[in-house]
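Welcome, and thanks for taking a look at this structure. Here is a short briefing to help you find your way around, topic by topic.

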Amino acid sequence: INKTIIVHQLVFCAVPLPAAGGDHHPISKNPFEVKINRKKFDVLGRKSKHDVGLPGVSRSRAIQKRKDTLLKEFRLKDKNNTFIDRRFGEYDSKLTPEEKILQRFTLERQRTQDRKDMYNLNEEEELTHYGQSLAEMEKMTDVIDSDSDSEEKGLLSAELTATHFGGGGGLLRKKSAGDDEEEEHKPRSRQELIEELIIKSKQEKRERQTQKEEAQELTEKLDQEWKSIQNLLAHKTPKAERTDETDKPKLDQYDMMVRELGFEMKAQPSEKLKSAEELAREERQRLQTLEADRLKRMMGDAEEDAVQTNTHISADDMNDGFILDGDDRKTLAYKDGKWNIEGEEEEKEDEDGDEEGGEEEEEEDDEDDAEGEEDDEEGEDDDEDDADEDHCDLQSDEGSEDEDGQGAEEEQVCAEEPPAVSEEQKKAAQEAAKAELPYTFPAPESYSDLKQLLQGHGSEQQRLILDRTLKCNHPSLSAGNKAKLQKLFGFLLEYVGDLATQNPPDLRTVSALIPQICGLCQMFPEAACKAVQTLLSDSGHSMEETLEVKGRAPMPDLDMLVLLKITALLFPSSDFRHPVTTPAFLFLSQALTRCAVVSLEDVCKGLVLCCLALEYVSLSQRIFPELLNFLLGLLHLTVSDKHNMGYTVVSPFRRQGKSCDLLVLKDPNVSHSWNRKPISLQTAHRLPAQSPVERDHYRLSLIDSCLDLVKRCTWLYKDLPSYAHIFQPIRALLLKHLPDLHREILDAIPEKPSQHAPLVFKKKKPIPLKLFTPKIVLDYGKKRGNTKEEKERERLKHKYKREFKGALREIRKDTRFLAREKLSDVMSRDAERKRKVKELYGSLATQEGEWKALKRKNRK
Amino acid sequence: MASSTDSNVKGENSQVSYKKYINTKTDRVLQSKKHANDIFDVIEYLQSEKDKEVIFATNACSKVFCQLFYRGDLYVGDLPEEEDLVNGDRSAEEKYRIFMRHRYSNCVELLLENIGHKAFQVKETSLCALMKFVAAEGKHPLQNLDEHYNFPRELLQTLVEHLLSEKEDMSLLISRFQEFLEMDDVRYYVMSSVRDNIYRVMGRNKKAVIPVYQNNVFTLLSTINVPSEASKMRHFLVRQDYKLEQWKVAKLKEHKRAFEQMWLVFLKFKLPSNMYKKILVILHESIMPQMSDPTLLIDFLSAAYDIGGAISLLSLNGLFILIHKHNLDYPDFYKKLYSLLDPSIFHVKYRARFFHLVNIFLSSTHLPAYLVAAFVKRFARLSLTAPPTSLLILLPFICNLIRRHPSCRVLIHRPSTAEEPCDDPYVMEEEDPAQCHALESSLWEIKTLQKHYHPDVAKAAMKINEPLTEQEDDISELLELSTFELMERELKAERKTIPLEFDTATELLKSSREVLGVHFSLE
């Protein structure tokens with residue numbers, strides 16, 4: 001049995017303890033108590049916490065605490081009775097004894113005051129049922145829902161219950177209550193009352209029935225009306241409203257609608273309309289990136305190789321190309337002080353992705369455009385406008401290779417300008433075309449189809465037809481269109497070739513078709529590349545064959561010249577290596593070295609080839625020896641005196657021969673009547689029969705162009721180390737034979753070669769030794785406890801550990817303390833016992849002594 | 001004459017008729033000696049204007065006379081004049097033989113004339129018929145010779161004379177004739193008759209150039225091949241039973257001598273320049289090995305080497321064999337070789353052969369450094385005008401030379417005077433490689449070519465930027481490279497992306513870097 005003695009009231013004579021603080025102070029000052037940890041070294045910036053301590057004090061404090069707590073517990077161990085002191089403010093040192101006594105007194109008084117409701121149990125406590133207050137429930141505040149008639153049957157009116165279960169008291173009371181009214185009626189018997197009650201309740205029931213029916217009808221009607229206007233409201237009905245009216249059969253519909261709402265496209269914020277400066281800036285940025293890309297390609301593989309050789313090869317690499325785990329992280333490398341970014345290709349792919357996206361968007365745009373126009377002018381022949389619009393679209397297509405729709409739009413803005421120049425002419429042309437051209441064209445399946453389609457029309461009309469064909473067969477419209485258009489590119493090139501070879505060549509039309517060709521090329525670079533490659537290869541092959549059979553080949557025809565020109569327009573000739581332009585270069589080289597020059601037409605073609613060659617290298621400034629050889633040869637043709645030359649002409653020119661003075665003027669005075677104007681390309685095909693003077697004029701034009709090309713070459717190759725050696729033959733020729741012609745060329749070519757530092761190898765970095773790949777922990781540098789929770793966790797763990805250790809130490813100290821106490825207990829007990837035994841022995845001894853003395857007395 | 005007009009009339013009527021006519025005539029001639037005069041009609045057909053008739057008649061003649069040879073119906077010995085035949089007291093049999101022998105020589109004359117006929121078919125059948133006669137005559141000699149080696153040399157000589165026409169290109173017929181040259185005796189006698197013929201014809205023309213004739217001779221000469229072993233000489237047109245071993249024709253040594261003399265005589269006279277090229281192309285392969293003493297060609301070769309240009313390049317090959325295999329000492333060979341180098345070497349047809357040889361000539365590591373440096377520098381200077389196909393040979397070749405001769409490395413690596421600009425000390429015009437100061441120069445030309453438009457050339461030129469690897473580049477595969485092959489290589493390479501020009505064009509002659517449009521217009 002636990003006996004807890006709670007002291008509430010005992011009033012001791014409180015003896016105030018001496019203040020602890022006053023006691024503590026002198027101890028810390030006591031030098032005998034202070035233990036100083038001697039420091040061997042002074043470490044700057046280290047704060048030592050434990051240099052001074054008071055071990056005696058802290059130990060005695062600990063012992064004291066144990067005595068207060070542990071020892072008490074130990075003493076009370078196995079003793080169930082406890083003594084709890086609940087006297088008010090007994091251990092509160094803040095209260096003065098007077099206050100304490102006052103408080104205790106008031107408490108005492110209060111307790112005696114409340115004595116009267118000593119037996120009123122739990123007055124203030126509330127009774128509950130299922131957590132709800134019973135008192136509240138009894139009030140019946142909640143109104144029963146009219147619809148919920150399920151419980152109606154069980155529900156009885158208050159009157160009924162009162163009559164039925166009130167032990168009839170209700171009835172009686174009613175009677176007494178309704179005395180005033182019922183005084184006039186004769187007093188009714190109990191039987192009557194009961195009957196009345198029954199009738200009343202039935203009536204009530206019926207009323208309720210009709211009420212319910214009415215309500216039903218009303219709701220149905222409401223439903224019907226709702227349905228009729230529901231369509232108008234469409235999606236805008238708020239959820240709450242619609243949940244009411246849903247019934248079981250409608251559930252599916254409802255679900256569907258909910259889902260629809262869930263998936264409904266949210267209006268997205270439209271892109272901000274860009275200002276002119278922004279557009280310009282974007283355009284500039286785009287061009288800059290494209291230019292940077294082009295330059296990178298111009299530098300070519302050499303750079304790539306350099307990068308590749310720098311890759312680290314581990315010493316344990318077996319050179320079998322096996323890589324344990326693909327290390328796809330980019331390595332940080334610097335080149336020329338710039339961060340060398342790898343993974344261009346990834347970017348490129350990204351760009352491609354963008355490109356596709358852009359195209360799609362554009363396609364959508366196009367469709368939208370088309371629709372919009374249909375809406376706008378239905379009566380009008382909208383295809384006409386469509387085609388017009390397309391022209392712009394198409395041009396924008398060309399430019400926006402790596403841009404999204406936004407870029408395309410801005411392109412469109414830019415692209416609209418050039419056609420605007422000749423707006424009126426075009427309008428007129430379109431008016432004329434409207435009369436006869438149909439608006440849709442099937443994609444030509446073969447070359448003859450295309451020819452049929454285009455032949456017999458003017459160049460502007462042909463462009464229009466092609467435009468419409470492209471429009472009608474846009475790849476977005478049908479799956480097969482892509483292949484059709486890809487084939488169309490080949491046919492177009494063929495057609496262009498035909499136009500250039502017919503007599504007279506129709507180069508105007510070729511020029512007019514260029515935007516379409518460009519557009520197609522931008523759409524299908526692979527197909528375009530293949531088509532041009534095939535033509536180049538065929539032509540090169542046939543030239544090679546003629547060379548093998550005859551030893552000399554004729555100059556390529558105008559169609560090849562036009563194709564080479566188009567190649568330069570479509571593909572970048574400045575690339576270090578390019579699948580189309582590199583073969584084109586080789587074709588030019590072949591034509592410039594192996595094709596015989598036997599007529600003025602050949603000279604003209606050769607000059608065209610030279611122009612093209614110069615165009616090809618003008619950006620990359622690459623050296624083209626064949627070009628210079630050919631120009632020298634052309635100049636050689638102008639020299640009448642072929643002796644003592646001081647230079648060598650190489651194939652296809654000869655030092656002497658029958659066609660070696662093609663460009664020698666028949667009449668030296670004809671130059672006075674000559675004036676400079678561009679040479680017609682058609683003359684390359686066939687020179688019309690001319691008078692000798694006209695022929696001389698033609699010669700002069702050719703010579704003039706040739707000299708101009710030489711001049712351009714001298715500008716182009718100015719920075720090459722062997723500049724002077726390259727132009728030495730031309731210089732020799734000009735100096736000897738045409739010293740007064742084009743003084744500037746002679747001035748441009750220095751007489752003495754410029755000075756150059758001797759060649760040395762590139763300084764090479766020493767090749768590092770092969771090293772083992774360090775083991776790299778991927779999450780290196782990741783801080784522990786990055787998140788707040790983790791930090792907290794770590795902190796707690798640490799704390800726990802410390803606490804655990806401390807607790808162990810304390811427990812050990814406790815047990816030691818207890819053992820000591822036990823020992824001292826035992827010792828004291830033993831001492832007591834010894835003392836007692838001693839006492840007993842003493843008393844016994846005295847007793848014995850006394851007895852002996854008595855006995856001795858007796859004996860005596 | 002009457003019969004000829006007769007035949008013409010008949011020929012017009014039907015084609016078969018002249019065949020029948022000739023057939024019956026030949027049959028009659030062969031059947032009995034009474035109808036010997038019918039042979040006139042057959043022979044007359046040889047002069048017909050219709051090729052088919054001539055061919056048919058030729059065949060008939062060869063048939064008739066071969067038969068007569070077989071029968072021994074042709075007179076043997078010195079042929080008396082036909083006019084004397086009437087006066088002479090000879091038997092009818094003898095008269096018949098003499099008559100037939102005369103007809104035979106008539107026939108041979110006509111056939112030889114027909115060798116110069118305009119229709120090839122006629123030529124061919126005439127040639128075949130003549131060769132049949134040669135064979136028949138060899139078997140049944142028409143002269144009573146003392147020696148027993150009977151071969152109709154005169155007939156063959158006249159045939160060769162007609163083959164080597166001075167006016168007409170006979171190359172087709174000569175290639176037909178090649179089949180007879182398989183026979184060792186025919187070949188031998190042809191060789192000797194060609195030799196005599198050249199002497200005679202060239203002497204007559206006072207050693208001037210006769211391109212057609214010389215072309216024919218060359219065609220014939222180049223078809224002649226002496227067998228490599230004596231044991232293979234078992235193939236004769238005319239079988240000799242007597243003392244085969246002592247017969248000149250059966251000896252390989254004699255053949256070689258005849259071959260050698262024939263060629264030497266041909267080469268002794270002045271030749272057109274394209275003939276030089278033709279000869280030099282085949283010289284080292286098909287002429288020199290078959291000669292008994294090739295060193296005799298040295299005069300011809302040094303003459304050709306001095307001509308210059310492509311001919312000099314080609315003569316290198318023969319000279320090389322002479323130097324290499326026959327211990328010939330050629331003074332200033334390298335100097336001459338050095339002077340041969342000019343821009344045209346990259347454009348001639350024999351570029352591959354030339355580079356192959358130069359590679360061999362310069363492969364010796366015992367050559368002095370100044371010489372190699374001079375060659376390297378000269379090649380580098382010339383490379384400024386070379387097409388890419390040549391550059392792809394030339395650049396690895398230059399690198400190889402520097403590898404072989406490490407003392408030439410200063411040409412691409414001169415750290416001592418680096419950073420000090422200087423003039424190019426090399427003298428291009430200097431003919432002597434020792435005087436051209438090539439070793440003091442650097443290969444700035446290769447540096448220039450690092451900007452060449454062709455990526456492979458630029459890459460090859462880049463190699464001089466770094467120390468060269470030990471391993472030499474193999475240039476033998478590059479020697480025959482043509483521009484189109486280079487192009488194809490480029491076209492076949494798989495490429496992932498195709499970059500496009502981002503400046504889009506609107507017109508043909510309008511682009512950002514227009515040159516064509518400046519000088520030319522569309523109209």
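## The two chains at a glance

Chain A has 32 helices and nine strands. Chain B, for its part, has 23 helices and one strand. Please keep in mind as you read that this is a predicted model.

- Chain A holds 860 residues, and 33% of them are buried.
- In chain B, which has 523 residues, the buried share is 54%.
- Among the contacts in chain A with a separation of 6 or more, 70% join residues 24 or more positions apart.
- The corresponding share for chain B is 72%, again counting contacts with a separation of 6 or more and residues 24 or more positions apart.

## Spans listed as transmembrane

- In an unreviewed entry, UniProt lists residues 300–323, 354–376 and 382–402 of chain B under "transmembrane region".
- Residues 354–376 of chain B are 70% helix and 0% strand, and 15 Å separates the C-alpha atoms at the two ends.
- For residues 382–402 of chain B, the model shows 76% helix and 0% strand, with the end C-alpha atoms 17 Å apart.

## A helix with a buried side

- Helix α16 of chain B runs over residues 333–340, and its buried residues are Phe333(B), Leu337(B), Tyr338(B) and Leu340(B).
- Why do these residues sit on the same side of α16(B)? They span an arc of only 155° around the axis, and that places them on the same side of the helix.
- As general background, an α-helix has 3.6 residues a turn, so residues three or four places apart point the same way.
- The partners that the buried residues of α16(B) pack against are four helices of chain B: α14 (298–307), α15 (309–325), α17 (351–361) and α18 (369–382).

## The second largest pocket

- The second largest pocket encloses about 1,700 Å³ of space.
- Its lining is made up of 50 residues, and those closest to the centre are Arg594(A), His347(B), Val348(B), Lys349(B) and Tyr350(B).
- Which helices each supply at least two residues of this lining? From chain A they are α23 (525–550) and α25 (581–594), and from chain B they are α13 (273–287), α15, α17 and α22 (483–492).
- With five residues, α13(B) gives the largest share of the lining of the second largest pocket.
- By type, the lining of this pocket divides into 19 nonpolar, 16 polar and 15 charged residues.

## His347(B), close to the pocket centre

- His347(B) is one of the residues closest to the centre of the second largest pocket, and its place is in the loop between α16 and α17 of chain B.
- Is His347(B) buried or exposed? With a relative accessible area of 19%, His347(B) counts as buried, because the cut-off for that class is under 20%.
- Setting aside neighbours within four places in sequence, His347(B) contacts Thr593(A), Asn629(A), Val650(A) and Ser651(A) in chain A, along with Thr385(B) and Pro387(B) in chain B.

## Ser521(B), in a strand of chain B

- Ser521(B) belongs to strand β1 of chain B, which covers residues 520–521.
- The relative accessibility of Ser521(B) is 22%, so Ser521(B) counts as partly exposed.
- Apart from neighbours within four places in sequence, Ser521(B) touches Pro678(A), Ile679(A), Ser680(A), Leu681(A) and Leu509(B).
- Ser521(B) and Leu509(B) are 12 residues apart in sequence, and their C-alpha atoms are 7.9 Å apart in space.

## Backbone details to look out for

- Most residues other than glycine have a negative phi, and most peptide bonds are trans.
- Between Asn503(A) and Pro504(A) the peptide bond is cis, with omega near -5°.
- Pro504(A) lies in the loop between α21 (481–501) and α22 (507–523) of chain A.
- Gln621(A) is not a glycine, yet its phi is positive at about 55°.
- You can find Gln621(A) in the loop between α26 (600–618) and α27 (625–638) of chain A, and it is partly exposed at 32% relative accessibility.
- His437(B) also has a positive phi, near 60°, and is a residue other than glycine.
- The loop between α19 (388–404) and α20 (444–449) of chain B is home to His437(B), which is partly exposed with a relative accessible area of 37%.

Methods: Residues numbered from 1 in each chain as written. Chains lettered and ligands numbered in written order. Predicted model: local features only at pLDDT ≥ 70, side-chain atom pairs only at ≥ 80, totals over all residues. Heavy atoms only, no water. UniProt positions renumbered as here; feature names shortened; annotations may be inferred. Buried < 20%, exposed > 50% of the residue type's maximum accessible area, 1.4 Å probe, protein only. Arc of directions from axis to C-beta. Contact = heavy atoms within 4.5 Å. 1 Å grid on protein atoms, 1.4 Å probe; cavity = no way out; pocket = protein on both sides within 12 Å on 5 of 7 lines; lining within 4 Å. Points joined across faces, edges and corners; volume = space filled by probe spheres on them. Nonpolar A, V, L, I, M, F, W, Y, C, P; charged D, E, K, R; others polar.
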